[in-house]
Number of protein chains: 2
Amino acid sequence: MDALTSAQLNVFRESLEKYVSFNEAEWILFTQHLSLATYKKKQHFAEAGSICRHFGFVLTGSVRYYHIIDGNDVTGYFSFEREFVSSYKSFLTGEPCNNYIQALEPTQIVLISKPNLDKMLANPMLAYKMERFGRLIAEHYLICYEDRVNSFITQTPEERYLKLLETGREVLQRMPQHYIANFLGITPVSLSRIRKRILV
Amino acid sequence: MDALTSAQLNVFRESLEKYVSFNEAEWILFTQHLSLATYKKKQHFAEAGSICRHFGFVLTGSVRYYHIIDGNDVTGYFSFEREFVSSYKSFLTGEPCNNYIQALEPTQIVLISKPNLDKMLANPMLAYKMERFGRLIAEHYLICYEDRVNSFITQTPEERYLKLLETGREVLQRMPQHYIANFLGITPVSLSRIRKRILV
DNA sequence: TCAAAACGTTAACAAAAGATAAGAAAATGG
DNA sequence: CCATTTTCTTATCTTTTGTTAACGTTTTGA
């Protein structure tokens, strides 16, 4: 866990702008509660059975979220550069995770630990902004999840894949197909068949 | 749109306690921004194509969320007494809904309009608490949706139904089976077969 | 109260998906 | 650079789900 360079801090600050803007005094306070972690490929940010103790922001690299089901690996989500990463339920409730989060390549993540977040939420100098920050991030991901649940309710796997072809460039270009299959809720073999069906 | 009785306000206040506690001054301010709507059976709280302009709390009754897909009705979610109700994405972003929310029985809903919520978020007397309130509610539903997405990724329809049998008493007892089937991401015929399979 | 609508099950057939295994191509990592 | 692993496709067979329609029961609403 290292400190962040000013270049790294600037990238982070710029990405937060769409949620909340910090003034200089706030930013100094805020950044005192951050650290930086570097993950090698395949290293874990979170593991099933353990509590996810950090809320993170992917500076460089990418991660995948996966479950182990009957000994098999099932990928459910990804975070890319300049996106947040956490096993939200575990982080927020303090319960053990039921999934893994793993770096897919060398990955740098800005970390906010739960104790540090709680300190900021309790600090009158930062409390209001942190509540707002938390609200807007939670709302953003709530909307993502709402869309994702609706896709399972209203679309077939083939329709979900076609939609991903339209909108999911980064996922499609950077992830192996069996991860994408899991993400769509089907097996890799089934995705391969859907691809064949579509090309004809 | 009526005013609320003090009995109704007390029910609401008590339900909010698990998110945030208002002092008397705050409560008075807060309640000035509420109204009450009564829905007859089958009346709509939100409609596809229109903006969902309210965040609601179900005082009595229940609602279902549904989509129209190729002329068919697909139920995706429910809210029961003392739960919140809204088409979050539409409410938060101001975009038109893509689903309907309909009363399943005579239903009373406490309403917070978007303009009223924005006023409270801008009012220094309430801002902090409202940000916190919003954060905790968004986090709560984020966790619900996270679980729901994971159920689609990691479980078969049969497993989802078995899980619902363990945990979803209210849904199972009060909803017709074809709504439950949609909620599980399958057709009513398929749920009927799963039920038969399980009983043997 | 009575006709109409909604509900749940079942059957029959078609379509899609899961499981497993095999094989070729590509990527990976000493 | 080469052996190993990963990735993707394909084939076969089984299971599950979707679709449509029929039927009896229950609920609903006028």
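Student: Which helix gives the most to the surface near DNA strand C, and with how many residues?
Tutor: That's α9(B), which puts in five residues. Keep in mind that we're looking at a predicted model.

Student: What makes a residue count as near DNA strand C, and which are the closest?
Tutor: The C-beta atom, placed from the backbone, has to lie within 6 Å of the strand. For DNA strand C, 17 residues surround the strand, and the closest are P157(A), S190(A), P176(B), Q177(B) and S192(B). Both chains take part: α6 (157-167) and α9 of chain A, plus α8 and α9 of chain B, each supply at least two residues. By class, you get seven nonpolar, six polar and four charged residues on that surface.

Student: And which residues are the closest to DNA strand D?
Tutor: There it's P176(A), Q177(A), S192(A), P157(B) and S190(B), out of 18 residues that surround the strand. At least two residues each come from α8 (177-184) and α9 (188-199) of chain A, and from α6 (157-167) and α9 (188-199) of chain B. Here α9(A) gives the most, with five residues. The split for DNA strand D is seven nonpolar, six polar and five charged.

Student: Why is α4(B) called oblique to α5(B)?
Tutor: Start with the numbers: the axes of α4 (residues 114-122) and α5 (residues 127-154) of chain B cross at roughly 125 degrees and come within 6 Å. Roughly perpendicular stops at 115 degrees and roughly antiparallel needs over 145, so an angle of roughly 125 falls in neither class. That makes α4(B) oblique to α5(B).

Student: Which residues meet where those two helices touch?
Tutor: On the α4(B) side it's M120(B), L121(B) and A122(B); on the α5(B) side it's A127(B), M130(B) and E131(B). By class, that contact has five nonpolar, no polar and one charged residues.

Student: What makes β2 and β5 of chain B edge strands?
Tutor: Look at the order first: four strands form an open sheet, β2-β7-β4-β5 of chain B, with antiparallel pairing. β2 (44-46) and β5 (72-79) each have a single partner strand, so one side of each is left without a neighbour in the sheet. From one strand to the next, the twist averages 35 degrees.

Student: How do you know that β2(B) and β7(B) really pair?
Tutor: Pairing takes at least two bridges found by DSSP. Two bridges join β2(B) to β7 (residues 100-103) of chain B, so the pair just makes the cut. In one of these strands, β7(B), Q102(B) is the bridge partner of H44(B).

Student: Which helices pack against β4 and β5 of chain B?
Tutor: One comes from the other chain: α5(A) lies across β4 (63-69) and β5 of chain B, at about 140 degrees to β5(B). Helix α8 (residues 177-184) of chain B touches β4 and β5 of chain B too, and its direction makes about 85 degrees with that of β5(B).

Student: How many residues do chains A and B bring to their contact?
Tutor: 28 residues of chain A are in contact with 28 residues of chain B. On the chain A side, α5(A) gives the most, with 19 residues. That side has 14 nonpolar, seven polar and seven charged residues.

Student: Why does the radius of gyration of chain A agree with that of a compact globule?
Tutor: With 200 residues, the globule rule predicts a value near 16 Å, and chain A has 18 Å, which agrees. Its C-alpha atoms fill a box of roughly 60 × 30 × 30 Å along the principal axes.

Definitions and conventions
Residues numbered from 1 in each chain as written. Chains lettered and ligands numbered in written order. Predicted model: local features only at pLDDT ≥ 70, side-chain atom pairs only at ≥ 80, totals over all residues. Contact = placed C-beta atoms within 7 Å. Nonpolar A, V, L, I, M, F, W, Y, C, P; charged D, E, K, R; others polar. Axes fitted to C-alpha atoms, helices over the stretch in contact; angles between N-to-C directions. Parallel < 35°, antiparallel > 145°, perpendicular 65-115°, else oblique. Rg over C-alpha atoms; globule rule 2.2 N^0.38 Å.
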